[in-house]
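Trainee: I am new to this structure. Please take me closely through one part of it, the annotated active site, and then show me what lies around it.

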Amino acid sequence: MMEPTIHKFGDNDLQKVLVWVPPERSPESLFWIVFIHGGAWRDPMITACNFADPVVSKLLSNPTRDVTPPGKNKTLAIASLSYRLSPHPSCPQDPDASPRDAKHPDHLDDVCAGIDVLRRVYGLSNSDNYVLMGHSCGATLAFQAVKRHVDAGLPAPRALIGLAGIYDIKALVRNHSTGPYADVYESFIRGAFGDDEKVRIEASPSHFGSHISLRSPCTVLLVVADGDELVEPEQRMTMRATLLGIGEGLELRSPVTSHGNWRYSEISVPGGHDEMWEKGEIMVSVVERLWKILPGEDGEARV
Ligand SMILES: N[C@@H](CC(=O)c1ccccc1NC=O)C(=O)O
């Protein structure tokens with residue numbers, strides 16, 4: 001695979017951004033996909049590098065696929081954000097390594113710091129030229145980052161893709177409160193957010209999503225894995241209802257549904273929770289879907 005350029009922005013080894021930029025391109029010609037990996041805010045085995053690896057090798061080194069981004073003469077650039085992690089009970093801290101002791105909003109602070117590096121060094125966002133794509137807790141972080149940007153008067157990304165995302169933290173814990181893995185869910189949520197219920201609610205995109213005052217349209221594509229063994233489909237249903245201001249049971253009548261400045265779409269992909277990023281071709285199919293539903297010059301989607 002092409003070697004990424006690494007930009008560090010803090011003392012912790014995890015505070016960095018990985019970037020794959022095609023050579024000899026001006027910043028104005030680039031269109032960015034920015035990845036945010038998952039791993040329950042704590043899994044040191046899922047990294048910015050191994051998360052992006054399968055899709056980067058498909059998107060940037062396979063000239064037979066037409067994955068050119070929308071817009072005239074745009075070239076794809078990719079970034080993968082790394083952020084500090086919370087402790088993991090079965091992966092003890094190596095005393096010589098950077099600490100894994102992050103608590104909300106540390107993860108989000110790093111995601112936003114990473115986006116800021118891309119903005120300063122590569123001109124990301126100023127011309128509406130990027131999409132955020134987060135998996136599992138990375139999808140939670142993607143919505144939190146959009147909220148923070150809009151609150152700060154910065155433009156939202158052109159699109160947000162949530163892959164098997166966690167959108168309602170309380171419901172996630174409640175839906176897994178029995179069974180062999182009940183402790184796992186409560187433990188990673190406590191590790192990342194603590195015990196305070198209010199913090200869990202306020203950090204949940206299903207809670208704040210409808211209060212983000214977007215100044216321009218943002219396309220949201222929510223993706224579920226049809227064999228997801230870790231995150232239940234209800235998470236997406238709740239988020240859809242939030243973004244569209246509708247009841248949870250309502251059917252969508254067109255591929256893209258607008259509500260205010262949100263443009264909402266959804267798909268499902270085959271396989272389990274992590275298969276969707278472990279198999280680069282699934283990620284590529286999601287990106288191709290996004291290019292179809294992003295509005296073109298005429299403001300219309302091509303589906
Ligand atoms: N591999 C993780 C588990 C994990 O990633 C996870 C488990 C259940 C629901 C969502 C998960 N990840 C979300 O980012 C761990 O070791 O804690």
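**A close look at Ser136**

Mentor: Start with the contacts of Ser136. Leaving out residues up to four places away in sequence, Ser136 touches Gly38, Ala164, Gly165, Ile166, Val231 and His273. Keep in mind that this is a predicted model.

Now place Ser136 on the chain. Ser136 sits in a loop, with β5 (130-135) on one side and α3 (137-151) on the other. Is Ser136 buried or exposed? Ser136 is buried, because 28 other C-beta atoms lie within 10 Å, and the cut-off for a buried residue is 20 or more. Its backbone deserves a look too. Phi of Ser136 is near 60 degrees, a positive value, and Ser136 is not a glycine. For comparison, most residues other than glycine have a negative phi.

Next comes the annotation. The unreviewed UniProt entry marks Ser136, Asp228 and His273 as "active site". These residues are spread over 138 residues of sequence, yet they cluster in space, with a largest C-alpha distance of 10.8 Å.

Turn to His273. His273 is also in a loop, the one between β9 (262-269) and α9 (275-278). His273 counts as partly exposed because it has 19 C-beta neighbours inside 10 Å. Beyond residues up to four places away in sequence, His273 touches Ser136, Ala164, Ala225, Asp228, Glu229, Leu230 and Val231. So both other annotated residues, Ser136 and Asp228, are in that contact list. Compare the lists for Ser136 and His273: Ala164 and Val231 appear in both.

Now bring in the ligand. Which residues surround the ligand? They are Gly38, Gly39, Ala40, Arg42, Asp43, Ser136, Cys137, Phe188, Leu230 and Val231. Ser136 is therefore part of this shell as well as of the annotation. Sorted by class, the shell holds five nonpolar, three polar and two charged residues. Gly38 and Val231 are shell residues and contacts of Ser136. Leu230 and Val231 are shell residues and contacts of His273.

Pick out Ala40 from the shell. Ala40 lies in the loop between β3 (30-36) and α1 (48-61). Ala40 is buried, because 20 other C-beta atoms lie within 10 Å. Ala40 has a positive phi of about 60 degrees although it is not a glycine.

There is another backbone feature to find, this time at a peptide bond. His104 and Pro105 are joined by a cis peptide bond, with omega about 10 degrees. Pro105 is in the loop between β4 and α2 (106-122). For background, most peptide bonds are trans.

Step out to the core. The largest nonpolar core has 81 residues. Trp32, Val34, Ala79, Val131 and Leu160 have the most contacts inside it. In soluble globular proteins, nonpolar side chains tend to be buried together. Take Trp32 as an example. Apart from residues up to four places away in sequence, Trp32 touches Ala77, Ala79, Leu118, Leu124, Asn129 and Tyr130. Ala79, in that list, is also among the residues with the most contacts inside the core.

Follow the strands next. Strand β2 (residues 16-20) is mostly covered, with five of its five residues buried. Both faces are covered: Lys16, Leu18 and Trp20 are on one side, Val17 and Val19 on the other. β2 has partners as well. Strand β1 (residues 5-8) pairs with β2 in the antiparallel sense over four bridges. Within that pairing, Lys8 has Lys16 of β2 as its bridge partner. Strand β4 (residues 75-81) also pairs with β2 in the antiparallel sense over four bridges. There, Trp20 stands opposite Ile78 in β4.

Finish with two helix residues. Leu243 lies in helix α8 (residues 234-244). Leu243 is buried, because 24 other C-beta atoms lie within 10 Å. Beyond its neighbours within four places in sequence, Leu243 is in contact with Gly209, Ser210, Val220, His259, Trp262 and Tyr264. Trp291 is found in helix α10 (residues 280-293). Trp291 counts as partly exposed because it has 18 C-beta neighbours inside 10 Å. Leaving out residues up to four places away in sequence, Trp291 touches Pro69 and Pro70.

Key:
Residues are numbered from 1 along each chain as its sequence is written. This is a predicted model: local features need pLDDT of at least 70, side-chain atom pairs count only at pLDDT 80 or more; totals for chains, interfaces and linings use all residues. A residue is buried if 20 or more other C-beta atoms lie within 10 Å of its own, exposed if 12 or fewer, and partly exposed in between; C-beta atoms are placed from the backbone. Two residues are in contact if their C-beta atoms, placed from the backbone, lie within 7 Å. A residue is near a molecule or strand if its C-beta atom, placed from the backbone, lies within 6 Å of it. Ala, Val, Leu, Ile, Met, Phe, Trp, Tyr, Cys and Pro count as nonpolar, Asp, Glu, Lys and Arg as charged, and the others, Gly among them, as polar. A nonpolar core is a set of buried Ala, Val, Leu, Ile, Met, Phe, Trp, Tyr and Cys residues joined through C-beta atoms within 7 Å. UniProt positions are given in the numbering used here, feature names are shortened, and annotations may be inferred rather than shown by experiment. Two strands pair if DSSP finds at least two bridges between them.
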